[in-house]
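Trainee: I would like to go through the terms used for this model and see what each one rests on. Can we start with the structure on the screen?

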Number of protein chains: 2
Amino acid sequence: MEIPSTAPLLDRETKASERPGDHKDELRLWLRMLTCSTLIESEIRTRLREEFKTTLPRFDLMAQLEKSTTGMTVGEVSQRLMVSNGNVTAVVAGLLTDGLVDKRPAAQDRRVQVLTLTAQGRRAFKAMAERHEGWIAELFADLGPAEIGQLFRLLGGVKASLHQAISNRQNGTPTAAGETE
Amino acid sequence: MEIPSTAPLLDRETKASERPGDHKDELRLWLRMLTCSTLIESEIRTRLREEFKTTLPRFDLMAQLEKSTTGMTVGEVSQRLMVSNGNVTAVVAGLLTDGLVDKRPAAQDRRVQVLTLTAQGRRAFKAMAERHEGWIAELFADLGPAEIGQLFRLLGGVKASLHQAISNRQNGTPTAAGETE
DNA sequence: TGAAATCATTTTAAACCTAAAATAATTTCG
DNA sequence: CGAAATTATTTTAGGTTTAAAATGATTTCA
């Protein structure tokens with residue numbers, strides 16, 4: 001299971017995409033990460049529904065608005081949450097009905113809809129955010145602060161690697177990996 | 001940003017759920033993990049669609065069947081993939097149409113439907129799985145084997161902590177955390 | 001045997017997501 | 001000015017997911 005710390009230098013320096021077979025470790029890592037994310041996400045969905053009768057997309061959208069003092073446009077929110085504009089429109093529709101969000105055309109650019117939390121929306125979000133933070137802490141309760149810090153740092157590296165790989169591909173992968181295929 | 005390695009023993013031993021405020025580190029860790037998972041998942045979805053004209057749920061389902069020599073029931077698959085039975089039924093319907101999966105009642109228990117990959121399904125899955133493994137390796141390409149091993153190990157701890165917290169809650173949380181609320 | 005309970009699956013309804021097309025407002029530039 | 005291009009949003013259609021209710025098959029046990 002453990003990666004030997006005496007791995008040959010060749011292995012350490014060879015990009016994974018250049019070795020032909022054996023990428024099982026990366027695959028196992030991804031499957032484990034996926035398991036963790038899925039468990040957390042579905043637990044949070046359950047608790048939001050049971051305790052606040054709301055959904056994760058609604059919570060996430062309100063969280064974005066709460067961070068912005070001047071409000072956000074539909075497009076900004078959709079980029080931030082990595083979902084489509086149409087989806088933001090639909091989720092906002094529900095929040096408008098419940099009086100949690102306010103939508104109005106921008107002063108300078110009347111194409112743009114500016115979204116803000118209402119006073120009621122801010123109160124509701126504050127209550128949910130506090131509980132949410134507690135739930136996450138509970139879920140990670142068996143980990144010490146050192147482990148949490150280490151994970152945060154390592155996942156920073158993962159994030160950078162992902163951005164690298166994804167942008168490479170979206171252009172024309174002008175790297176060695178591209179030549180071999 | 002870094003957690004000092006000389007953190008007082010009290011901190012290391014205090015359960016996160018027993019401290020009142022400050023759970024920001026856990027929250028930041030979760031948000032970063034979610035970012036990584038979402039990036040990977042949507043990249044894999046895109047590539048499966050572009051290169052194989054299929055979807056992630058189909059791929060995941062075929063992966064389960066491929067691992068089992070004797071076939072699996074709808075219920076087993078739904079547990080494994082953490083989705084509903086109804087969902088499995090629907091995804092299987094598509095795979096049946098394409099001749100990738102076979103469905104037949106079990107010999108001993110005629111309530112149960114046994115799912116297996118067809119010969120064509122096995123061939124198709126083999127091709128996809130090879131590419132999939134390569135994609136994952138590309139996405140993690142900037143990480144060394146030591147980092148991958150470390151992450152895998154730490155996420156094992158996360159997984160254990162999640163199971164702990166979730167099962168505690170589903171019974172009656174007979175822990176100290178329960179008393180305080 | 002046969003009624004009740006249990007287990008597995010299917011059906012249904014509602015919410016959500018995406019992609020593509022349609023609509024609306026603004027900017028650019030002749 | 002005003003047509004064309006751009007930008008932002010909404011609408012539409014198709015597909016996926018979940019939860020809950022309904023259905024079907026088997027087991028238990030009096």
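Trainee: What makes the pair formed by the side chain of A:Thr55 and a phosphate oxygen of DNA strand C a polar contact?

Mentor: This is a predicted model, so keep in mind that the values are computed from it. A phosphate oxygen of DNA strand C is 3.4 Å from an N or O atom in the side chain of A:Thr55. The cut-off is 3.5 Å between N or O atoms, so the pair counts. A:Asn87 also qualifies, with a polar side-chain atom 2.4 Å from a phosphate oxygen of strand C. For A:Ser84 a polar backbone atom is involved, at 3.3 Å from a phosphate oxygen of that strand.

Trainee: Which elements give two or more residues to the surface near DNA strand C?

Mentor: Helix 5 (85-97) of chain A does, together with helix 4 (74-81) and helix 5 (85-97) of chain B. Helix 5 of chain B gives the most, with three residues. In total 21 residues surround DNA strand C, and A:Asn87, A:Arg110, B:Gly75, B:Asn85 and B:Thr89 are the closest.

Trainee: How do you know which part of DNA strand C faces the protein?

Mentor: Take the atoms of strand C within 4 Å of the protein: 74% belong to sugar or phosphate and the rest to bases. For DNA strand D the sugar or phosphate share is 76%.

Trainee: What polar contacts does chain A make with DNA strand D, for example through A:Arg111?

Mentor: An N or O atom in the side chain of A:Arg111 is 3.0 Å from a base oxygen of strand D. Polar backbone atoms of A:Gln113 and A:Val74 face phosphate oxygens of strand D, at 3.1 Å for A:Gln113 and 3.5 Å for A:Val74. The limit is within 3.5 Å, so A:Val74 still counts. Helix 5 of chain A gives the most to the surface near strand D, with three residues.

Trainee: How is the surface near DNA strand D divided by class?

Mentor: There are six nonpolar, nine polar and six charged residues.

Trainee: Why are strand 1 and strand 2 of chain A said to stand at the edges?

Mentor: Three strands of chain A form an open sheet in the order 1-3-2, with antiparallel pairing. Strand 1 (72-73) and strand 2 (101-105) each have a single partner strand, so one side of each is left without a neighbour in the sheet.

Trainee: What makes strand 2 and strand 3 of chain A a pair?

Mentor: The requirement is at least two bridges, and strand 2 and strand 3 (residues 113-117) have five, so they pair. The sense is antiparallel. A:Asp102 stands opposite A:Thr116 in strand 3. Helix 5 of chain A packs on the sheet, touching strand 2 and strand 3, and its direction makes about 120° with that of strand 2.

Trainee: Why is helix 6 of chain A called roughly perpendicular to helix 2 of chain B?

Mentor: Helix 6 (residues 119-139) of chain A and helix 2 (residues 24-52) of chain B pack at an angle of about 80°, with axes 9 Å apart. Angles of 65 to 115 degrees count as roughly perpendicular, so the term applies to these helices.

Trainee: Which residues make that contact?

Mentor: A:His132, A:Glu133, A:Ile136 and A:Ala137 come from helix 6 of chain A, and B:Lys24, B:Glu26, B:Leu27 and B:Trp30 from helix 2 of chain B. By class, the contact has four nonpolar, one polar and three charged residues.

Notes. Residues numbered from 1 in each chain as written. Chains lettered and ligands numbered in written order. Predicted model: local features only at pLDDT ≥ 70, side-chain atom pairs only at ≥ 80, totals over all residues. Heavy atoms only, no water. Near = heavy atom within 4 Å. Polar contact = N/O pair within 3.5 Å; in protein donor to acceptor, adjacent residues only side chain to side chain. Helix = DSSP H or I, 4+ residues; strand = E, 2+ residues; numbered from the N terminus. Contact = heavy atoms within 4.5 Å. Axes fitted to C-alpha atoms, helices over the stretch in contact; angles between N-to-C directions. Parallel < 35°, antiparallel > 145°, perpendicular 65-115°, else oblique. Nonpolar A, V, L, I, M, F, W, Y, C, P; charged D, E, K, R; others polar.
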